[in-house]
Amino acid sequence: MFFKVLLETSKGNLLLSSDSKRPLERVPLFLKGEKVAEIFETIGRVGEQLYLARPLRKNLVGEVLSSSRV
């Protein structure tokens, strides 16, 4: 699965969008094979899910992260 980093919240978390329609928790996220964040919460909305992740690195806004290391 792929996740686009929309913004960094005031608390330093990442807000992500994805085409995934299911709740996720404790999912590691990778950029070029390096673990850079971990999803910790799903925000359910009508028509679209959003996700919150804890970043392990700075400057990820606009990047597309993957749930697989490849």
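**Figure 1. Asn-13 in the loop between strand 1 and strand 2.** In this predicted model, Asn-13 sits in the loop that links strand 1 to strand 2. Asn-13 counts as buried because its relative accessible area is 16%, under the 20% limit. Beyond its neighbours within four places in sequence, Asn-13 contacts Leu-7 and Glu-8. Phe-40 is also in contact with Asn-13. Ala-53, Arg-54 and Pro-55 complete the set of contacts.

**Figure 2. Leu-60 in the loop between strand 5 and strand 6.** Leu-60 belongs to the loop between strand 5 and strand 6 (64-66). Its relative accessible area is 2%, so Leu-60 is buried. Residues up to four places away in sequence aside, Leu-60 touches Val-5, Leu-14, Leu-31, Val-36 and Pro-55. Phe-40 is 20 residues from Leu-60 in sequence. The C-alpha atoms of Leu-60 and Phe-40 are 17 Å apart.

**Figure 3. Lys-58 in the loop between strand 5 and strand 6.** Lys-58 is placed in the loop between strand 5 and strand 6. Lys-58 counts as exposed because its relative accessibility is 61%, over the 50% limit. Glu-8 lies 50 residues from Lys-58 along the chain. Between the C-alpha atoms of Lys-58 and Glu-8 the separation is 9.6 Å.

**Figure 4. Lys-35 in strand 4.** Strand 4 holds Lys-35. With 36% relative accessibility, Lys-35 is partly exposed. Its contacts, leaving aside neighbours within four places in sequence, are Pro-28, Leu-29, Phe-30 and Leu-56. Ser-66 is 31 residues from Lys-35 in sequence. From C-alpha to C-alpha, Lys-35 and Ser-66 are 9.4 Å apart.

**Figure 5. The largest nonpolar core and Leu-65.** The largest nonpolar core contains 15 residues. Those with the most contacts inside this core are Phe-3, Leu-14, Leu-16, Leu-29, Ile-39, Ala-53 and Leu-65. Two or more core residues come from each of strand 1 (2-8), strand 2 (14-18), strand 3 (27-31), strand 4 (34-44) and strand 5 (49-55). Nonpolar side chains tend to be buried together in soluble globular proteins. Neighbours within four places in sequence aside, Leu-65 contacts Met-1, Phe-2, Phe-3 and Val-5. Leu-65 is also in contact with Leu-29, Phe-30 and Leu-31. Val-36 and Ala-37 are further contacts of Leu-65.

**Figure 6. The whole protein as context for the close-ups.** The protein has 6 strands and 0 helices. Along the sequence the pattern reads β-β-β-β-β-β. The C-alpha trace spans about 30 × 30 × 20 Å along its principal axes. The radius of gyration is 11 Å, which agrees with the value near 11 Å for a compact globule of 70 residues. Buried residues make up 37% of the 70 residues. Of the contacts between residues at least 6 apart in sequence, 51% join residues at least 24 apart. The exposed area is about 4500 Å². Carbon and sulfur atoms supply 51% of that area. The protein carries 12 positive and 8 negative charges, and their mean positions are 2 Å apart.

Note on methods:
Residues numbered from 1 in each chain as written. Predicted model: local features only at pLDDT ≥ 70, side-chain atom pairs only at ≥ 80, totals over all residues. Heavy atoms only, no water. Helix = DSSP H or I, 4+ residues; strand = E, 2+ residues; numbered from the N terminus. Rg over C-alpha atoms; globule rule 2.2 N^0.38 Å. Buried < 20%, exposed > 50% of the residue type's maximum accessible area, 1.4 Å probe, protein only. Contact = heavy atoms within 4.5 Å. Areas by Shrake-Rupley, 256 points an atom, 1.4 Å probe, with all protein chains shown as cover. Lys, Arg positive; Asp, Glu negative; His and termini not counted. Charge placed at Lys NZ, Arg CZ, Asp CG, Glu CD. Core = buried A, V, L, I, M, F, W, Y, C linked by side-chain atoms within 4.5 Å.
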